[in-house]
Amino acid sequence: MTDYNFAYLDEQTKRMIRRAILKALAIPGYQVPFASREMPMPYGWGTGGVQLSAATLTPEDRLKVIDQGADDTTNAVSIRKFFEKTAQVATTTRTPEASVIQTRHRVPEAPLSADQILIYQVPIPEPLRFLEPSEVETRKMHELSEYGLMHVKLYEDIARHGHIATSYAYPVQVEGRYVMDPSPIPKFDNPKLSNCAAIQLFGAGREQRIYALPPHTSVVSLDFEDHPFEPSKADAACALCGDHDSYLDEVITDDAGTRMFVCSDTDHCTARRDAGHGTEDAA
Amino acid sequence: MTPLLDVRNITKSYGARLGCKDVNFTLWPGEVMGVVGESGSGKSTLLGCLAGQLAPDAGEVIFDTRAEGPRDTLLMAEAERRMLARTDWAFVHQNARDGLRMGVSAGGNVGERLMAVGARNYGDIRTRAADWLDRVDIAADRMDDRPGTFSGGMQQRLQIARNLVTGPRLVFMDEPTGGLDVSVQARLLDLMRGLVRQMGLSAVIVTHDLAVVRLLADRLMVMKDGHVVESGLTDQVLDDPQHGYTQLLVSSVLQV
Amino acid sequence: MGELRIGAVAVELDIPELGFAVELGEITLTECETVNQFTGSKTQPAQFTRGYGLSFGQTERKAISVALVDRALRWKELGEDDEGAPAQDEEFVLSHADNIQATGFLEHIKLPHYVDFQSELELVRKLRRQATQATETEAAQ
């Protein structure tokens, strides 16, 4: 028996969050305010995602937690342990086996299925924040779909650098309506958001916002016809599993600057190696 | 013919202080209306009410929309009015800083209105921005510079380009030459006159400078203390002013 | 300054099951009321305006600051002009006051960001590669 209510939060709070989730799913991409609670971890460490997970988990669920693509990073380990202790749910590192996946900065490489929920931790939910600091103004811009400024930013990037200079937290438009921040995932992951079979929930605890993508929602990365969006990654194959198509981390291996590229998604890499893939695939 | 703009009984006060009262006029396609008066006469309040920036206490502002013909813009939903403001309307501010994005390049400033109405081809946007910069005499190699590096006259010309790029039918101008040197004013007026004629623009120009209305406006309204005291053809009003206030206004201008 | 005082205040918790409030303990509070510039018009005689600040602990300067900001935020009800000052903007004041949320952005910087950084790195390399190529092409001509 645990001393905590199931998944830490009290039932009324979970209901409040579920109502916000339902509203968010009904208006894809719209930021729904919610009464974010204090959690036993610092703001900025996934309090939004944790509250979503707490409101979503059932005793039968199997939870996976990712930070930077890996299951063994500080944030992932502590959040996984938190729910092991407070909800006593089963956990896993295998993407296909998880029913709820909380993530920071990555979307798993393995395709998600209809019986999964992906929960993103969001530091700054407002995609217009750095173009217009006032929340009063940005809400008006969302209300009236005044998104011209967003393309002005992309225009300025191309005029100055020759390319759109956003590489993560790359803004998207949902079902032709709301412009949304996909959280700071690399733009390589953006295409995975669109037409995804799983439910995708986004939680910003510090800023008290929840937004969502119901299954099979159209999500388009903003771009120009003649400067189309490009999901990019390091031009290399994983040094461990040989995959050409997964997102790679660059690891410096000694003081002489020797480097290797390895899969950012550790579960994806492990699964490939278990299936017999290796460096010979890289050739 | 349908008037482009039909203004009826516009009244606006700020608490006990009157902004403007019972202003009526019609603006026909291709016509330029000048509104003159000293500061506090209510002319800027009137312009704000017409352009949807201020909510009048009473009256109607009926605009001949492309899709649905004459409609009272004051009864439109804000989204619709804002759409009008970035397509068929243009607003040239006295201070270019109010009408430009100072942190965005000249090309981006001109391109913004195109992007706001859905332009998504970078090359096309750039070509059209370059064309408009050329039309307002801004050198092509300044396209990627920010307006902060421009002179006052250039900033004002950039503001005009930014406004006209979507081919609006109605332009509101608030003291467009205010704060500029006389020689710069002359060049700007010349440019504006050319554009108004070429594009067949209709405009409402608010100014205290009679030289501006003599050069640009077909018709004139003179405002004092929130009321229109005299109106008519520009030449007629300026050459043969009837109202005492207009006579004072005209006689106080140096004849050149 | 109208008044600045420090005192102990009882904290009570209303417990519905018991039907009465239970005192949990005492906390120290600092309270400040400022008297500011007077306003008035033809119809309203001149009167002073006030600001109010309350803070936890013995924190005199903080209470005074809160009172001044409180007064500045009342510009609308007092019919004053919007000077565009940050202290007149509720949104600015709330997001810059020392609420607990304000710490979150700093806290999160302690977590790893190498995935975002990798993405940024690829982009910067690409831009630099193209810049170098452009220079080399120019040099070759």
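This briefing describes how chain A meets chain C in a predicted model. Among the 2 pairs of chains that touch, chains A and C share the most contacts, a contact being heavy atoms within 4.5 Å. Residues are numbered from 1 along each chain as its sequence is written, and chains are lettered from A in the order in which they are written. Local features need pLDDT of at least 70, side-chain atom pairs count only at pLDDT 80 or more, and totals for interfaces use all residues, while side-chain values use heavy atoms and leave out hydrogens and water.

**Extent of the interface**
- Contact with 24 residues of chain C involves 40 residues of chain A.
- About 2,700 Å² is buried between chain A and chain C, and carbon and sulfur atoms give 54% of this area; buried area is the accessible area (1.4 Å probe) that two parts lose on being put together, summed over both.

**Polar and charged pairs**
- There are 2 salt bridges between chain A and chain C, each defined as a side-chain nitrogen of Lys or Arg within 4 Å of a carboxyl oxygen of Asp or Glu.
- Glu230(A) and Lys126(C) form a salt bridge through their side chains, at 2.9 Å from N to O.

**The chain A side**
- The elements of chain A that give two or more residues to the side touching chain C are α4 (135-143), β11 (248-252) and β12 (259-263); helices (H or I, at least four residues) and strands (E, at least two) are DSSP runs, numbered from the N terminus.
- β11(A) gives the most to this side, with 3 residues.

**Chains B and C**
- Chain B and chain C are joined by no contact, and their closest C-alpha atoms lie 10 Å apart.
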